[in-house]
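This briefing covers a predicted model. Two topics are taken in turn: strand pairing and a helix contact.

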Amino acid sequence: MKQIGFLSFGHWSDHPSYRTRTAADTLLQSIDLAVAGEEIGLDGAYFRVHHFARQLASPFPLLAAIGAKTSKIEIGTGVIDMRYENPLYMVEDASAADLISGGRLQLGISRGSPEQVIDGWRHFGYSLEEGESDAEMGRKKALTFLEKLSHKGFAEPNPNPMFPNPEGLLPLEPHSPGLRERIWWGAASNATAIWAAENGMFLQSSTLKFDENGKPFHIQQAEQIRLYKEAWKKAGHQREPRVSVSRSIFALINEQDRYYFGNQGRDSDSFGYIEPETRAVFGKSYAAEPDKLIEELSKDEAIQEADTILLTIPNTLGVDYNFHVLSSILEHVAPALGWR
């Protein structure tokens, strides 16, 4: 059995072929798709966060809205770029969204990927300490976020407050019990996957990772997941780890599917640079008739190692078509692979 969710980048543009012409279209359709996904038994609704782009950027209002309109589906991000975040304010926002959803938040965070502007986090008021890299800043903020989620007091109370204070140092409010144990780290390397395990975070591994040995993508990703699980066990955490992988998978059921994705499937991975000195391996997209999809996906070692699969969706094609895309996987592919 696998947990199956969708991952939306939340694109919009005033393009004649788009069903998401505005930010409002994308936000409202994201809510509608999560509601529809819950109705067909989908396990998760996840959203990518990008700044300075016509994509989803402020996740907590969206997550809270979905939480208020659903009752079962997991709600998450994949991922929030911690370089842009105030960790304490984020504790308050995340805890409020989690309470509204009844404890269903699965929050993916990370150092972040190359963005639309140069050092965009500087425009948000953040700067590096001497000798610090932006990756180190992102990880440091993540650790602060995790610490403050614990609800341990750290702030000296005002001796003359507006309202009476409890005794001792004050924590952030509201507190959502259990949220600390539902934080995921988006890791592109083996080292950061191990770091995530050591710090008690679940693992999100995307459709790309840093190329560390030249092997096929799914093999490198499976190796990363095994290293993560070993590090988790070594750290002595008293709960089971979770791992998600993202895939672009399209079952070609009708002519519309073939028109959109008939030429999208790739026979092999690709290699390239997402940063000037960092070579990455990109996983292939899967687009084929169900029987061929089942054959191809059964050979994906990383999917076998993961407990959660996030299906990247073409959100610009609208709710109805994406509902069809997800339903097709649940009905025609997942049962044969033992995901359902």
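**Strand β3 and its neighbours**

Gly44 stands across from Glu74 in β3. The two strands concerned, β2 (residues 44-47) and β3, run parallel and are joined over four bridges. The notes below follow β3 to its other partner and then turn to a helix pair.

*Pairing and connection*

- From β2 the chain passes through helix α2 (residues 59-69) to reach β3, and this β-α-β crossover is right-handed.
- Strand β5 (residues 105-110) also pairs with β3 in the parallel sense, over two bridges.
- In that pairing, Leu105 of β5 lies opposite Ile75.

*Burial of β3*

- Strand β3 spans residues 74-77 and is covered on both faces.
- Glu74 and Gly76 are buried on one side, and Ile75 and Thr77 are buried on the other.
- Glu74, the residue opposite Gly44, is thus placed on the face that also holds Gly76.
- Ile75, the residue opposite Leu105, shares its face with Thr77.

*Helices α1 and α11*

- Helix α1 (residues 23-39) and helix α11 (residues 319-332) have axes that come within 10 Å and cross at roughly 35°.
- The crossing of α1 past α11 is right-handed.
- On the α1 side the contact is made by Gln29, Asp32, Leu33 and Ala36, which meet Val319, Asn322, Phe323 and Leu326 of α11.
- Sorted by class, the residues in this contact between α1 and α11 are five nonpolar, two polar and one charged.

Note on methods
Residues numbered from 1 in each chain as written. Predicted model: local features only at pLDDT ≥ 70, side-chain atom pairs only at ≥ 80, totals over all residues. Heavy atoms only, no water. Buried < 20%, exposed > 50% of the residue type's maximum accessible area, 1.4 Å probe, protein only. Pairing = 2+ DSSP bridges. Right-handed = clockwise from strand over helix to strand, strands pointing away. Axes fitted to C-alpha atoms, helices over the stretch in contact; angles between N-to-C directions. Left-handed = near helix turned anticlockwise from the far one by under 90°. Contact = heavy atoms within 4.5 Å. Nonpolar A, V, L, I, M, F, W, Y, C, P; charged D, E, K, R; others polar.
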